Amino acid sequence: MSNAFNFRRNTVYRDFQNRAKFVVVDSNSNESLEEVRAYAKEVGFDFPVYMDVNNQASDRFGVLATTDTFVMDSSGVMKYHGYIEDALNPERTTKQGLRLAIEAVLEGKPVPMAESRARGCAIRRSKPQ
């Protein structure tokens, strides 16, 4: 997982945890469940992190980097795919893609930007694509 977004990921989770469901998945095939659990505890994640065994979820959703995010409405339709924020440095952020998408979906409005390019590190795959 990209360290640059740890605090911001936690903030978005805390802000919306009572109004939206979150599923956080680690798709790096070179990390064990024990490593993922230890990392999540070390950085203080407020949410559970699931393993993407053999990159099944990342392959299905086209994930290439961490942190790649998706927002789906209550009927399971994908409304947003992209970054948490548009800059690794929070002081340079101009767009909060994930936050804006969640707010729009919760308000029943169109998501202002349905797709953006994820920011972060390439995931380690179990087999080349």
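Trainee: What covers the buried residues of α4?
Mentor: The cover includes helix α1 and two strands, β4 (69-72) and β5 (78-82). Here "covers" rests on contact, meaning heavy atoms within 4.5 Å. This is a predicted model, so local features need pLDDT of at least 70 and side-chain atom pairs count only at pLDDT 80 or more, while totals for chains, interfaces and linings use all residues. Residues are numbered from 1 along each chain as its sequence is written, and side-chain values use heavy atoms, with hydrogens and water left out.

Trainee: Got it. Which residues of α4 are buried?
Mentor: Helix α4 spans residues 97-106, and its buried residues are Gly97, Leu98, Arg99, Ala101, Ile102 and Ala104. Buried means under 20% relative accessible area, exposed means over 50%, and partly exposed is in between (1.4 Å probe, protein chains only). Helices (H or I, at least four residues) and strands (E, at least two) are DSSP runs, numbered from the N terminus.

Trainee: Hm, Arg99 is in that list. Why does Arg99 count as buried?
Mentor: Because the relative accessible area of Arg99 is 16%.

Trainee: And what is Arg99 in contact with?
Mentor: If you set aside neighbours within four places in sequence, Arg99 touches Thr11, Val12, Asp15 and Phe16.

Trainee: What comes after α4?
Mentor: Gly108 follows α4, and the phi of Gly108 is positive, near 70 degrees.

Trainee: Let's go to the other helix. Where is Phe7, and is Phe7 buried or exposed?
Mentor: Phe7 sits in helix α1, residues 6-16. Phe7 counts as exposed because its relative accessibility is 61%.

Trainee: How far apart are Phe7 and Val43?
Mentor: In sequence, Phe7 and Val43 are 36 residues apart, but C-alpha to C-alpha they are 8.5 Å apart in space.

Trainee: Okay, strands now. In what sense do β4 and β5 pair?
Mentor: β4 and β5 pair in the antiparallel sense, over four bridges. Two strands pair if DSSP finds at least two bridges between them. One example is Phe70, whose bridge partner in β5 is His81.

Trainee: What sits between β4 and β5?
Mentor: Five residues separate β4 and β5, which form a hairpin, and Gly76 in the turn has a positive phi of about 90 degrees.

Trainee: Which residues of β4 are on the covered face?
Mentor: Thr69 and Val71 make up the covered face of β4, while Phe70 and Met72 make up the uncovered one. In a regular strand, side chains alternate between the two faces of the sheet.
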